[in-house]
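Work through the exercises below with the sequence and the coordinates open. Try each task before reading its solution.

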Amino acid sequence: AFDREGETMADLLIKNAQLVDCDGRERGDLLIRDGKIAAVGGEIAADCAVLDAQGMTVMPAFIDMHAHF
């Protein structure tokens, strides 16, 4: 994936989020690699930027305010 200037996007690990998808909700981590979801679950480890999402909700299946399940 690329940003607006054609540079490669950095990987990101979102930790401690309230994850909401078609299966319900759970507390866990979300790894984004090359602009795509690479892993979802608890206690993911990766060598990349980390965002602590404690107290925040992440809804990876939601696009443009509606769900794509």
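The exercises go from the whole chain to single residues.

The model is predicted, so local features need pLDDT of at least 70 and side-chain atom pairs count only at pLDDT 80 or more, while totals for chains, interfaces and linings use all residues. Residues are numbered from 1 along each chain as its sequence is written, and side-chain values use heavy atoms, with hydrogens and water left out.

**Exercise 1. The chain as a whole**

Task: State how many helices and strands the protein chain has, and what share of its residues is buried.

Solution. Step one: take helices (H or I, at least four residues) and strands (E, at least two) as DSSP runs, numbered from the N terminus. The protein chain then has 0 helices and 7 strands, in the order β-β-β-β-β-β-β.

Step two: call a residue buried under 20% relative accessible area, exposed over 50%, and partly exposed in between (1.4 Å probe, protein chains only). By this cut-off, 23% of the 69 residues are buried.

Step three: count contacts, meaning heavy atoms within 4.5 Å. Among those between residues at least 6 apart in sequence, 42% join residues at least 24 apart.

**Exercise 2. Salt bridges**

Task: Find the salt bridges and say which parts of the chain they link.

Solution. Step one: apply the rule, a side-chain nitrogen of Lys or Arg within 4 Å of a carboxyl oxygen of Asp or Glu. The count is 2.

Step two: take the pair Arg33 and Asp11, whose closest N and O atoms are 3.5 Å apart. This pair links distant parts of the chain, with Arg33 in strand E2 (residues 24-33) and Asp11 in the segment before strand E1 (12-21), 22 residues apart. Arg33 counts as partly exposed because its relative accessibility is 39%; Asp11, at 22%, is also classed as partly exposed.

Step three: take the pair Asp29 and Lys15, with the closest N and O atoms at 2.6 Å. Here strand E2 holds Asp29 and strand E1 holds Lys15, 14 residues apart. Both Asp29 and Lys15 are buried.

**Exercise 3. The surroundings of Asp29**

Task: Why does Asp29 count as buried, and which backbone nitrogens lie by its side chain?

Solution. Step one: the relative accessibility of Asp29 is 2%, so this residue counts as buried.

Step two: look for polar contacts (N or O atoms within 3.5 Å; within protein, one able to donate a hydrogen and the other to accept it, and residues adjacent in sequence counting only if both atoms are side-chain atoms). A polar atom of the Asp29 side chain lies 3.0 Å from the backbone nitrogen of Asn16. For the backbone nitrogen of Glu43, the distance to a polar atom of that side chain is 3.2 Å.

Step three: list contacts beyond four places in sequence; among them are Leu13, Ile14, Leu19, Val40 and Ile44.

**Exercise 4. The nonpolar core and Leu51**

Task: Which residues make up the largest nonpolar core, and where is Leu51 found?

Solution. Step one: define the core as buried Ala, Val, Leu, Ile, Met, Phe, Trp, Tyr and Cys residues joined through side-chain atoms within 4.5 Å. The largest has 6 residues: Ile14, Ala17, Leu19, Leu30, Ala53 and Val58. E1 gives the largest share, 3 residues.

Step two: Leu51 is in strand E4 (residues 49-52). At 40% relative accessibility, Leu51 is classed as partly exposed.

Step three: the C-alpha atoms of Leu51 and Ile14 are 4.8 Å apart, although 37 residues separate them along the chain. Not counting residues up to four places away, Leu51 touches Leu12, Leu13, Ile14 and Lys15.
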